[in-house]
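Here is a quick tour of a single chain, going from what is packed inside to what happens along the loops. Have the viewer open while you read.

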Amino acid sequence: MLRLRSILSRLLRWRWRLALFICASLPLLSAFRRFLSDPSAVIGPTGLDPFFNLYILEWGARSWAHGLHGFWSAPFYFPTHLATTLSDHLLIPSLLQLALRTMGASPALSYNLLLLLGFLATAFACTALLRR
């Protein structure tokens, strides 16, 4: 009986945390409305930065498929060699991008899933840091 009470009290605490998270996130939902309507066709909420990140992720996924040959020499800033070093390389997320693309996800859907996964990972890391 004591174990059941412990489990119920934990669930109650998480329910309040979830409700607080949803209330704090409501203003963001208006910005993400178009994004949430069709996550397989719309890339990110706004701006051009998601397109650049998607390009880097796709380049990284292509490079992972070829053994990372030429990863650091992405074909932008043409005369410059090792152009990927001038920006965020997104090497590990591009491995996840490759896995999602192999499973049949569109580039936009895989980018959006990685974006949401990043928010989730940040929340878990912040929670772990604050518990220390």
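## The main core

This is a predicted model, and its largest nonpolar core is a good place to start. Eight residues make up that core, 8 in the count: Ile43, Leu54, Leu57, Leu100, Ala105, Ala108, Tyr111 and Leu114. Two helices, α3 (49-65) and α5 (107-131), each put in at least two residues. The largest share belongs to α5, with 3 residues. Apart from this core lies another one of 7 residues, including Trp59, Phe71, Ala74 and Leu91. As a general backdrop, nonpolar side chains in soluble globular proteins tend to be buried together.

Which residues does leucine 114 touch, once neighbours within four places in sequence are set aside? Its contacts are Leu57, Pro93, Leu96, Gln97 and Leu100.

## Helix α5

If you like checking helix geometry, try α5: its 25 residues should span 36 Å at 1.5 Å a residue, and the end C-alpha atoms are indeed 36 Å apart, so the two agree. The buried residues in α5 are Ala108, Ser110, Tyr111, Asn112 and Leu114. Ala108, Tyr111 and Leu114 also appear in the largest nonpolar core. For the spacing, remember that an α-helix has 3.6 residues a turn, so residues three or four places apart point the same way.

## Helix α3 and its cover

The same check works for α3, which has 17 residues and reaches 24 Å from first C-alpha to last, close to the 24 Å expected at 1.5 Å a residue. Its buried residues are Pro50, Asn53, Leu54, Ile56, Leu57, Trp59, Gly60, Ala61 and Ser63. Among the elements covering them are α4 (91-102) and α5.

What ties α3 to α4 through charged side chains? The structure holds 1 salt bridge, and it joins the side chains of glutamate 58 and arginine 101 at 3.2 Å, N to O. This pair links distant parts of the chain, with glutamate 58 in helix α3 and arginine 101 in helix α4, 43 residues apart. Glutamate 58 has a relative accessible area of 24%, so it counts as partly exposed. Arginine 101 is partly exposed too, at 32% relative accessibility.

## Rings and a charge

Searching the whole structure turns up 1 aromatic pair. Phenylalanine 71 and tryptophan 72 have ring centres 4.8 Å apart and planes at 80°, which makes the pair edge-to-face, because planes over 60 degrees apart fall in that class. The two partners sit in different surroundings: phenylalanine 71 is buried, at 2% relative accessibility, whereas tryptophan 72 is partly exposed, at 34%.

There is also a charge over a ring to look at. The charged end of arginine 62 sits over the ring of tryptophan 59, 4.5 Å from its centre.

## Positive phi after α3

Following α3 comes glycine 67, with a positive phi near 75°. Leucine 68 has a positive phi as well, near 60°, and is not a glycine. You'll find leucine 68 in the loop between α3 and α4, and at 31% relative accessibility it counts as partly exposed.

Where is leucine 90 located? Leucine 90 also lies in the loop between α3 and α4. Its phi is positive, about 50°, although it is not a glycine. With a relative accessible area of 23%, leucine 90 is partly exposed.

Terms used:
Residues numbered from 1 in each chain as written. Predicted model: local features only at pLDDT ≥ 70, side-chain atom pairs only at ≥ 80, totals over all residues. Heavy atoms only, no water. Core = buried A, V, L, I, M, F, W, Y, C linked by side-chain atoms within 4.5 Å. Buried < 20%, exposed > 50% of the residue type's maximum accessible area, 1.4 Å probe, protein only. Helix = DSSP H or I, 4+ residues; strand = E, 2+ residues; numbered from the N terminus. Contact = heavy atoms within 4.5 Å. Expected span 1.5 Å × (residues − 1). Phe/Tyr/Trp six-rings, centres within 6.5 Å; stacked < 30°, edge-to-face > 60°. Lys NZ or Arg CZ within 6 Å of the ring centre and 35° of its normal. Salt bridge = Lys/Arg side-chain N within 4 Å of Asp/Glu carboxyl O.
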